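Q: Hey, got a minute to go through a model with me? I'd like to talk about confidence and then side-chain contacts.

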Amino acid sequence: MRLAVVDASPAPRPLGVLKTLYYRPELFGRPYSDALDLALRGPSDWSDGERELFAAFVSSLNQCPF
């Protein structure tokens, strides 16, 4: 049922990250989102933009559309 919600989304494909969040919300929902928020917005010597650029670069190396 949860995956049907993602499949019905009008957002551009692929939606792999969203499918993961909805498939195992107890593991990848709030806990994953909180960890990601801390990594991208928590205290750091890097600016928000530098962290976003780094994430986009790693995604491109992994051939993962960001």
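Q: What's the average pLDDT for the protein?
A: This is a predicted model, and the protein averages a pLDDT of 77. Of the residues, 70% score at least 70.

Q: Where is confidence lowest, and where is it highest?
A: The lowest is helix 1, residues 2-7, with a mean of 63. Helix 4 is the highest, at 88. Where pLDDT is low, the predicted coordinates should not be read in detail.

Q: OK, on to charges. How many salt bridges does the count come to?
A: Three. Side chains of opposite charge can pair when their charged atoms come close.

Q: Start with Arg-30. Which residue does Arg-30 form a salt bridge with?
A: Asp-34, with the closest N and O atoms 3.2 Å apart. Both residues sit in helix 3, which covers residues 25-41. They are four residues apart, about one turn of the helix.

Q: Is Arg-30 buried or exposed?
A: Exposed, since its relative accessible area is 58% and the cut-off for exposed is over 50%. Asp-34 comes out at 41%, so it counts as partly exposed.

Q: And what does Arg-41 pair with?
A: Arg-41 forms a salt bridge with Glu-52, and their closest N and O atoms are 2.9 Å apart. Arg-41 lies in helix 3 and Glu-52 in helix 4 (residues 48-61), so this pair ties together parts that are eleven residues apart in sequence.

Q: How accessible are Arg-41 and Glu-52?
A: Arg-41 is partly exposed at 41% relative accessible area. Glu-52 is partly exposed too, at 26%.

Q: Which residue forms a salt bridge with Asp-48?
A: That's Arg-51, and the closest N and O atoms are 3.0 Å apart. The two are three residues apart in helix 4, so about one helical turn separates them.

Q: Is Arg-51 buried or exposed?
A: Buried, because its relative accessibility is 8% and buried means under 20%. Its partner Asp-48 is partly exposed, with a relative accessible area of 37%.

Q: Switching to rings: how many aromatic pairs does the count come to?
A: One. Trp-46 and Phe-54 make up that pair, in an edge-to-face arrangement. The rings are 5.4 Å centre to centre, with 70 degrees between the planes.

Q: Why does Phe-54 count as partly exposed?
A: Because its relative accessibility is 46%, and partly exposed runs between the 20% and 50% cut-offs. Trp-46 is partly exposed as well, at 44% relative accessible area.

Methods. Residues are numbered from 1 along each chain as its sequence is written. This is a predicted model: local features need pLDDT of at least 70, side-chain atom pairs count only at pLDDT 80 or more; totals for chains, interfaces and linings use all residues. Side-chain values use heavy atoms; hydrogens and water are left out. A salt bridge is a side-chain nitrogen of Lys or Arg within 4 Å of a carboxyl oxygen of Asp or Glu. Buried means under 20% relative accessible area, exposed over 50%, partly exposed in between (1.4 Å probe, protein chains only). pLDDT is the predictor's confidence in each residue, from 0 to 100. Rings of Phe, Tyr and Trp (its six-membered ring) pair if their centres lie within 6.5 Å; planes under 30 degrees apart count as stacked, over 60 as edge-to-face and the rest as tilted.
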